[in-house]
2 protein chains.
Amino acid sequence: MNHETALSELSGLLGDRLSTSMAERELHGQNETYYAAMPPDAVAYPETTAEVSEILKICNAHGCPVTAYGAASSLEGQHLARAGGISLDMARMNRVLAVNAEDMNAVVQPGLTRKFLNEELRATGLFFSVDPGADASLGGMAATRASGTTAVRYGTMRENVLALEAVMADGTVIRTGTKARKSSTGYDLAHLLIGSEGTLGIITELTVRLHGIPEMTAAATCRFDSVEDAVNCVITTIQAGLPMARIELLDEMMVRGFNAYSHAGLPEKPHLFLEFHGSTAGVADQMDTFGTIADEFGAEAFRTATTTEDRNALWAMRHDAHYASAALGRGKHIWPTDVCVPISRLAEAVVQAQTDAREMGLTCTIVGHVGDGNFHAGLSVDPEDAEEMARAKEFTDKLARTGLRLGGTVSGEHGIGIGKRQHMAAEHGDALGFMRRIKAGFDPNNILNPGKLLPANA
Amino acid sequence: MNHETALSELSGLLGDRLSTSMAERELHGQNETYYAAMPPDAVAYPETTAEVSEILKICNAHGCPVTAYGAASSLEGQHLARAGGISLDMARMNRVLAVNAEDMNAVVQPGLTRKFLNEELRATGLFFSVDPGADASLGGMAATRASGTTAVRYGTMRENVLALEAVMADGTVIRTGTKARKSSTGYDLAHLLIGSEGTLGIITELTVRLHGIPEMTAAATCRFDSVEDAVNCVITTIQAGLPMARIELLDEMMVRGFNAYSHAGLPEKPHLFLEFHGSTAGVADQMDTFGTIADEFGAEAFRTATTTEDRNALWAMRHDAHYASAALGRGKHIWPTDVCVPISRLAEAVVQAQTDAREMGLTCTIVGHVGDGNFHAGLSVDPEDAEEMARAKEFTDKLARTGLRLGGTVSGEHGIGIGKRQHMAAEHGDALGFMRRIKAGFDPNNILNPGKLLPANA
């Protein structure tokens, strides 16, 4: 067994909350996407920040890797213990510590999932907005800078985390940010930790922003003759200042997937799925303005869903995109990837991805948070088919390069993890050296999620 | 003369764009607030990023301090060359490099001021939202994480900078962020530089977000019997999800200042100054909802200003707060300070500040971005009166401690600079050590704005 001394000390600290059973190790080595299983040497279940600190002190002293584990919904292998060591499962730190309704924030532990938080908030008239689809843990969402369908209006985790408590590699517990809405005091360590994928510190507490549940919520769908028309409609809508709560693009293939999976019966054309939030009068005004804009771009079949039931059905269908893609691929695995470009280049990026997939003989669905210029491609693959996997890898790499060529980024929300480290140099150039300086300064023994985010030193 | 070798090499590089004239040095050593003059040894006027890089290489080799200089409107001495060396005046790097209307962003040089940018944007239907009052430079605004009256709706510089180019202490030019609206790739160096007050790198280019000019803008004022009533009205308004564009609190003393300076003729009670943005119907709806809420809290004299002329008059008065405070102080200097607390504690913080000022025998006006929980206190002081200056210092320190006690931060927008370094340990605790690691990693020779932001090592 590797890291024997560390594991022995951890066992003394945690008792049966350190597990080396094969079942638990294998469970923690799995992922939803295409990475091979990577079981850790042991799984630790801390219950307090003080315990996380003690764990890190032990691991730091012995050079034992520590990989934080939330809901395991990350899509680039961020939660996999690639270099062995321990998987730090935050599931037992899952409480809501405070809801400050007047200040519209909540203090939570990292293992809490977003759906549980929203359950807890039900009586307050407030909600937590960030919705990446999966019922992810809030610590994991912060660590991967998650976003999702509502980011166009309410922002990503970057905009919705006010403060963090984190344990650093040497066991030091820090707090960054306050319960005030803004601050101009010192280096923004909160934003440095957000998106650091567990490589700079372990998040042990979050203060997140909440938003008022709007008086009125209405959803709608419409379809277009081309991706260009749909995207140009979105650009005009955003420029007009319409505070869209959700604005999602589904390409023809994605629609075909929904038809296959949920018998949606939609014509196989690019669709927009929309949501409007506001006062009753405000939503009516927004929908009216959107309708006028959509007409300019030849939208057809503008249908609204104002009842909770109809809306939920619509977004349930949207959130099943992964399974719908799988249905289209006749049970194959789905290799998900994402990219984000300036919205002016979005139609070009989507059409390029569609063309590339066709030319590479890959079945590919596209669904996008188009208000942000961000879209996902879901490739149907058979992990046993090395040649198909190689084509999928080629597609993914090309999409990342397309993102950079069009002035964007290789990932809008899935992050770097294992799979996109090779693109870090192309995206960040000499800035990468300064990221390495931070990593070296914060985690000199490289115990925090080694082999993620930063590419190996050249 | 100090730093002779560095200045000689800089002179060779820049010719007459390196000035050691007493007049220019003295000009660059001044500030709008209460800090003693601190002239640099020389003033450099770079014209390109490549020149900034060469300048930093020279200064880094010789340990010569470099302090970036924008519009000199910083309020905690951030632009003062406290340790001598050169003042890096960015005034010649003041161009708009691109306006990307479809993507709603602009690429600008750091010496450009926000008003010039908005002039350039006039024909596009877009505007740059961050408005700290002063016509600050955009580089300086990013470096100090500026905000202002519109942050409640459109965010601070933290939310409005998409990407930066910066020159690091060793002359390396980096780019961080992209033109895409979001990204989840790597450490967020953009947010690390935003608010770093020129201590980690020199910003040489910014990509900033733009917003659509709303179809309708309306302003309004109303008054309340107490600060508590005014603040509770604001809390309810924000919770109701009203997308206020501006919501400013003026305390009784500030109103007295406006009466003295602009003959405003307002009753000396707490006032709110408001602005609503949206469609014509949307603004009417917002104003109606606000009016109902304000009534609950006993608001009187709700007056609207829908013409551009009336609105401009209102905000011109608000932006003259500094001079109005001076008028009240009968020509004394104004010592400005700020603090930011959770909005639920705002009334308590304001009343505490009013009480403290009264008990300390200080004339103090309060004006606040109450939607953010942020307010400014303006103390009338005579810099020649050491005893009064000591009382003002005591007030400022106590206000900072009040901010922390109430769960907030020692500054919402003025920053740390020279004056609030002593509060950094109380606010950040062990996180301060990690800020020092970043500084040591990025600027090992401590040439970038030494003596600012981080307190001296214990």
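This passage walks through a predicted model of two chains, from overall form to individual strands, helices and residues.

A good place to begin is chain A as a whole. Chain A holds 17 helices and 18 strands. Its radius of gyration is 22 Å, close to the 23 Å that the globule rule gives for 458 residues, so chain A is as compact as a globular protein of that length. Measured out along the principal axes, the C-alpha trace of chain A spans about 65 × 55 × 40 Å. Of the 458 residues in chain A, 61% are buried. Contacts that bridge long stretches of sequence are well represented: among contacts in chain A between residues at least 6 apart in sequence, 71% join residues at least 24 apart.

The two chains can be laid on one another. Chain A is superposed on chain B by a rotation of 180° with 0.0 Å of shift along its axis, at an RMSD of 0.0 Å. The two copies are thus related as by a two-fold rotation axis. The same surface serves both copies, since 99% of the contact residues of chain A recur in chain B. In numbers, 77 residues of chain A are in contact with 76 residues of chain B. On the side of chain A that touches chain B, the elements giving two or more residues are β9 (173–176), α8 (189–193), α9 (227–239), α11 (280–296), α16 (424–428) and α17 (431–442) of chain A. Of these, α17(A) gives the most, with seven residues. Sorted by class, this side of chain A has 28 nonpolar, 33 polar and 16 charged residues.

Turning to the sheets, seven strands of chain A form an open sheet in the order β15-β12-β14-β13-β17-β18-β16, with antiparallel pairing. At its edges stand β15 (300–305) and β16 (333–340) of chain A, each with a single partner strand, so one side of each is left without a neighbour in the sheet. From one strand to the next, the twist averages 15°. At one edge, strand β12 (residues 216–223) of chain A is joined to β15(A) by four bridges, and the two run antiparallel. Within this pair, A:A219 stands opposite A:A305 in β15(A). Helix α12(A) packs on the sheet, where it touches β12, β13, β14 and β15 of chain A, and its direction makes about 55° with that of β12(A). Another helix, α14 (residues 346–359) of chain A, lies across β16, β17 and β18 (374–381) of chain A and runs at about 165° to β17(A).

Helix α10 (residues 252–262) of chain A deserves a look of its own. The buried residues of this helix are A:M253, A:M254, A:V255, A:R256, A:G257 and A:F258. Their cover includes the strands β13 (246–250), β14 (271–278) and β17 (364–369), along with the helices α12 (308–319) and α13 (321–328), of chain A. Just after α10(A) comes A:H263, whose phi is positive, near 50°.

In chain B, seven strands likewise form an open antiparallel sheet, in the order β15-β12-β14-β13-β17-β18-β16. Neighbouring strands of this sheet are turned by 15° against each other on average, direction ignored. Inside the sheet, β13 (residues 246–250) and β14 (residues 271–278) of chain B pair in the antiparallel sense over five bridges, and B:L250 stands opposite B:H271 in β14(B). Helix α10 (residues 252–262) of chain B lies across β13, β14 and β17 (364–369) of chain B, running at about 105° to β17(B).

Parallel pairing is found elsewhere in chain B. Strand β3(B) and strand β4 (residues 86–89) of chain B pair in the parallel sense over four bridges, with B:A68 opposite B:L88 in β4(B). In a regular strand the side chains alternate between the two faces of the sheet. Both faces of β3 (residues 66–69) of chain B are covered: B:V66 and B:A68 on one side are buried, and so are B:T67 and B:Y69 on the other.

A final close-up concerns an arginine of chain A. A:R114 is found in helix α4 (residues 114–120) of chain A. A:R114 is buried, with 25 other C-beta atoms within 10 Å. Leaving aside residues up to four places away in sequence, A:R114 touches A:F128, A:V130, A:D135, A:A136, A:L138 and A:M141. A:R114 and A:F128 are 14 residues apart in sequence and 7.4 Å apart in space, C-alpha to C-alpha.

Terms used. Residues numbered from 1 in each chain as written. Chains lettered and ligands numbered in written order. Predicted model: local features only at pLDDT ≥ 70, side-chain atom pairs only at ≥ 80, totals over all residues. Pairing = 2+ DSSP bridges. Axes fitted to C-alpha atoms, helices over the stretch in contact; angles between N-to-C directions. Contact = placed C-beta atoms within 7 Å. Rg over C-alpha atoms; globule rule 2.2 N^0.38 Å. Buried ≥ 20, exposed ≤ 12 C-beta atoms within 10 Å, placed from the backbone. Nonpolar A, V, L, I, M, F, W, Y, C, P; charged D, E, K, R; others polar. Least-squares fit on C-alpha atoms with pLDDT ≥ 70 in both.
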